[in-house]
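Here is a short set of exercises on reading a protein fold. Try each task before you read its solution.

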Amino acid sequence: MVGLLLIGGCSTAPTVNSLAVANPQPVEHYIIGPGDSLEIFVRDNPTLTTTVPVRPDGRVSIPLVQSMVAAGKTPEELAGDLEKELSRYIRDPLVTVIVKGFVGAYSQQVRVVGQAVTPRAVPYRSGMTVLDVMIDVGGLTKFAAGNSAKIIRHLPEGNDQTIPVRLGELMNGAIKYNEVMRPGDVLIIPQSLF
């Protein structure tokens, strides 16, 4: 019995850390975009702590900082820039930026046009699929030609890739048609001709 305990103690199962090293996942950082709502917290300075929208020009304004570019930055980058600017007025400011309302940068959105119940731009989320997008836009209208839908994907080389999507079948449970979306994708859902 003691021998079994010793042998069992010598064998090790893979740990979470060793599994993470074997299958590294890309780390995605949220990029602030126009229309986002940001809570800016300045430690020990409640008069500077505020919630602000990111203006259409991509900038924010807080007390003591009239205008600063926020769009295209991560919350951490914006916090660092605000700390640098506030250090002109406050000793060692500590700023935290929390995104409260998500819209995201245009390059981080998925756009849905055509015969969706509510066609619109949807903020991209890591691991997002066509089915996730269809849930966000309320599904197909009764006039949609769902099986003729397509994804237009802008490639880094400047080309566009067209990916046919059988939305009608997907919405009826054929999960094999559930394509993975990428930031910047455009989902086009045409109208049925009859």
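Notes on the model come first, then the exercises.

This is a predicted model, in which local features need pLDDT of at least 70, side-chain atom pairs count only at pLDDT 80 or more, and totals for chains, interfaces and linings use all residues. Residues are numbered from 1 along each chain as its sequence is written, and side-chain values use heavy atoms, with hydrogens and water left out.

**Exercise 1.** Take stock of the helices, strands and buried residues in the protein.

Solution.
- Count the elements: the protein has 10 strands and 5 helices. These are DSSP runs numbered from the N terminus: helices (H or I) of at least four residues, strands (E) of at least two.
- Check burial: 32% of the 194 residues are buried, that is, under 20% relative accessible area with a 1.4 Å probe and protein chains only.

**Exercise 2.** Find the strand order of the open sheet of 5 strands, and its edges.

Solution.
- Read across: the order is E7-E6-E10-E8-E9, and the pairing is mixed. Strands pair if DSSP finds at least two bridges between them.
- Look at the ends: E7 (121–123) and E9 (160–165) each have a single partner strand, so one side of each lacks a neighbour in the sheet.

**Exercise 3.** Trace how E10 is joined to strand E6 and to strand E8.

Solution.
- Start with E6 (residues 109–114): 4 bridges pair this strand in the parallel sense with E10 (residues 186–189).
- Name the partners: Val113 bridges to Ile188, and Arg111 to Val186.
- Turn to E8 (residues 149–154): this strand runs antiparallel to E10, with 3 bridges. Here Ile152 stands opposite Val186.

Note on methods. Buried < 20%, exposed > 50% of the residue type's maximum accessible area, 1.4 Å probe, protein only.
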